[in-house]
Amino acid sequence: MPKGILFLCVANSARSQMAEGIALSLAPPGVKIWSAGSHPTKVRSEAIAVLKEIGIDISNHRSKAVADIPAAEVDTVITLCTEEECPVFLGKAQRLHWELPDPAAIDGSGQNSLSGFRAIRDELLRRITAFLGSSP
């Protein structure tokens, strides 16, 4: 079992924030969870909304830069980028790449946009549950 998991994407606004929230809700005690980005912006309201639908509150999360993370405590890095260039983490860690499209890049608004965020949420929930060996 990893001791410190870092989820990375570019803006730390959607995928990595949702992954952090889901992992925090599933990880056993003692496992530290972070998310960060190479160009942090702000947490997307859609990410907050679709996690709230499954009982996870990330409304107090903030976007963080990779440099804000205590590198010595991270032993697993999971990148979530597809078409964009993933951030680099220079610390010693196992590296995994889960290629997931950015739901913020989906054309449209309202329900069309939310369904893209829900699809990524559900895929992250599936992968994180399998990775941690837990049940949602």
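**Notes on the predicted model**

1. Cysteines to begin with: the count of disulfides (pairs of cysteine sulfur atoms within 2.5 Å) comes to 0. Cys9 is in none, since the nearest cysteine sulfur, on Cys81, lies 5.9 Å away. Both residues are buried (under 20% relative accessible area, with exposed meaning over 50% and partly exposed in between, using a 1.4 Å probe and protein chains only). The relative accessibility of Cys9 is 2%, and that of Cys81 is 1%.

2. A word on what you're looking at: this is a predicted model, where local features need pLDDT of at least 70, side-chain atom pairs count only at pLDDT 80 or more, and totals for chains, interfaces and linings use all residues. Residues are numbered from 1 along each chain as its sequence is written, and side-chain values use heavy atoms, leaving out hydrogens and water.

3. On confidence, the mean pLDDT (the predictor's confidence in each residue, from 0 to 100) is 90 for the protein, and 88% of its residues reach 70 or more. Helices (H or I, at least four residues) and strands (E, at least two) are DSSP runs, numbered from the N terminus. Helix 1 (residues 15-26) has the highest confidence, at 97, while strand 4 (residues 94-97) has the lowest, at a mean of 90.

4. Now the sheet. It is open, with 4 strands in the order 2-1-3-4 and parallel pairing; two strands pair if DSSP finds at least two bridges between them. Strand 2 (32-37) and strand 4 are at the edges with a single partner strand each, so one side of each has no neighbour in the sheet. From one strand to the next, the twist averages 20 degrees (axes are lines fitted to C-alpha atoms, for helices over the stretch in contact, and angles run from 0 to 180 degrees between N-to-C directions).

5. Some pairings to look up: strand 3 (residues 76-79) and strand 4 are joined by 4 bridges, and Ile78 has Leu96 in strand 4 as its bridge partner. Helix 1 packs on the sheet, touching strand 1 (4-9) and strand 2 (contact means heavy atoms within 4.5 Å). The direction of helix 1 makes about 175 degrees with that of strand 2.

6. Back to strand 2: 5 of its 6 residues are buried, so it is largely enclosed by the rest of the structure. It shares 6 bridges with strand 1, and its Gly37 stands opposite Cys9.

7. Lastly, helix 2 (residues 45-52) has Glu46, Ala47, Val50 and Leu51 as its buried residues. Viewed down the helix axis, they fall within an arc of 130 degrees (taken from the directions from the axis to the C-beta atoms), so they line one face. Exposed residues Ser45 and Lys52 sit on the face turned away from that buried side.
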